[in-house]
Amino acid sequence: IFDDMSSFSSYAFNKAHAAAYVMSAIRLGWYKVHIPLAFYCAMFTVAPGGFDAGIVMGGRAKVRSTIQEIEKLGKDATPKEQQSIPTLLLVNEAMARGIKFLPINIIKSDSSAFVPENGAIRMPFSALAGLGENAAANIVAARNEEPFFSVEDLQIRAKLTKSVIEVLRQNKVLEGLDETDQLSFF
């Protein structure tokens, strides 16, 4: 009896498991076709897989050339580069469908969620290479208390290192913020 039950339960489990995967694939496909903006936001939020805002802000040509460079490397590509291929392919697909990616914004970006905004996707702080989850969460928490008045204010209240500030500066996230809280009369 045990042998009969174990073979039956194994068979029934596999069949049910396969059906669940098919149902999930159908749902994902429906969202991808009918509500693409929400689909891409959700996919990049739950499985960012090496999403790099620096590459994405370079446009579709930059995304495609990065994919080609990694594929050219073949087995010499780092594991991180190899893992970024599916994400870059998804970014390329979204761009081909006319979906734009908005840059990281000190006022509007979330710490880790890709958010739909006016038919485009607003990238989160965590999409920046060199900016960790804690730094991203600290920026949003400090911003929710009150707006930032300067880069100095941001660094102190969000407890950011100089290297994180430099990453933000290089990616033009700090544009519009004064460097210090000092007032100038000149």
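# Notebook: a first walk through the chain

I began with the outside: the accessible surface of the chain comes to about 12000 Å², and 59% of that belongs to carbon and sulfur atoms. Note to self: this is a predicted model.

**Overall layout.** I counted up the secondary structure next and got eight helices and three strands. Reading from the N terminus, I wrote the order down as α-α-α-α-α-β-β-β-α-α-α. Then I looked up burial, and 32% of the 186 residues in the chain are buried. I also checked contacts with a separation of 6 or more, and 53% of them join residues 24 or more positions apart.

**Helix α5.** I picked α5, residues 79-96, and asked what span its 18 residues should have. At 1.5 Å a residue I expected 26 Å, and the end C-alpha atoms are 26 Å apart, so the two agree. I still found a kink in α5, about 35 degrees at Ile85, and it comes shortly before the proline Pro86.

Which residues of α5 are buried? I listed Ser84, Ile85, Thr87, Leu88, Leu90, Val91, Asn92, Ala94 and Met95. So Ile85 turns up twice in my notes, as the place of the kink and as a buried residue. What do the buried residues of α5 pack against? I found three helices as partners, α2 (36-46), α3 (53-56) and α4 (60-73), plus the strand β1 (100-102). Just after α5 I stopped at Gly98, where phi is positive, about 90 degrees.

**Helix α8.** I moved on to α8, residues 162-170, and its buried residues are Val164, Ile165, Val167 and Leu168. They cover an arc of only 155 degrees around the axis, so they sit on the same side of α8. On the other side of α8 I found Lys162 and Gln170 exposed. I then followed the buried residues of α8 to their partners, which are α6 (133-145) and α7 (151-157). After α8 comes Lys172, and I noted its positive phi, near 60 degrees.

I stayed on α8 for a salt bridge between Glu166 and Arg169, where the closest N and O atoms are 3.6 Å apart. Why are these two separated by about one helical turn? Because they are three residues apart in α8. Buried or exposed, I wondered about Glu166, and it counts as partly exposed at 36% relative accessibility. Arg169 also counts as partly exposed, at 32%.

**More salt bridges.** I searched the whole structure and got seven salt bridges. One I looked up is Arg157 with Asp153, the closest N and O atoms being 3.2 Å apart. Both residues lie in α7, four residues apart, which I noted as about one turn of the helix. Asp153 has a relative accessible area of 9%, so I put it down as buried, the cut-off being under 20%.

Another one I looked up is Lys108 with Glu117, with 3.6 Å between the closest N and O atoms. Glu117 is buried too, at a relative accessible area of 16%. What else is linked with Lys108 and Glu117? I found Arg122, and the three are linked in a network of salt bridges.

Note on methods
Residues numbered from 1 in each chain as written. Predicted model: local features only at pLDDT ≥ 70, side-chain atom pairs only at ≥ 80, totals over all residues. Heavy atoms only, no water. Expected span 1.5 Å × (residues − 1). Bend = angle between axes of the 7 residues up to and from the residue. Buried < 20%, exposed > 50% of the residue type's maximum accessible area, 1.4 Å probe, protein only. Contact = heavy atoms within 4.5 Å. Arc of directions from axis to C-beta. Areas by Shrake-Rupley, 256 points an atom, 1.4 Å probe, with all protein chains shown as cover. Salt bridge = Lys/Arg side-chain N within 4 Å of Asp/Glu carboxyl O.
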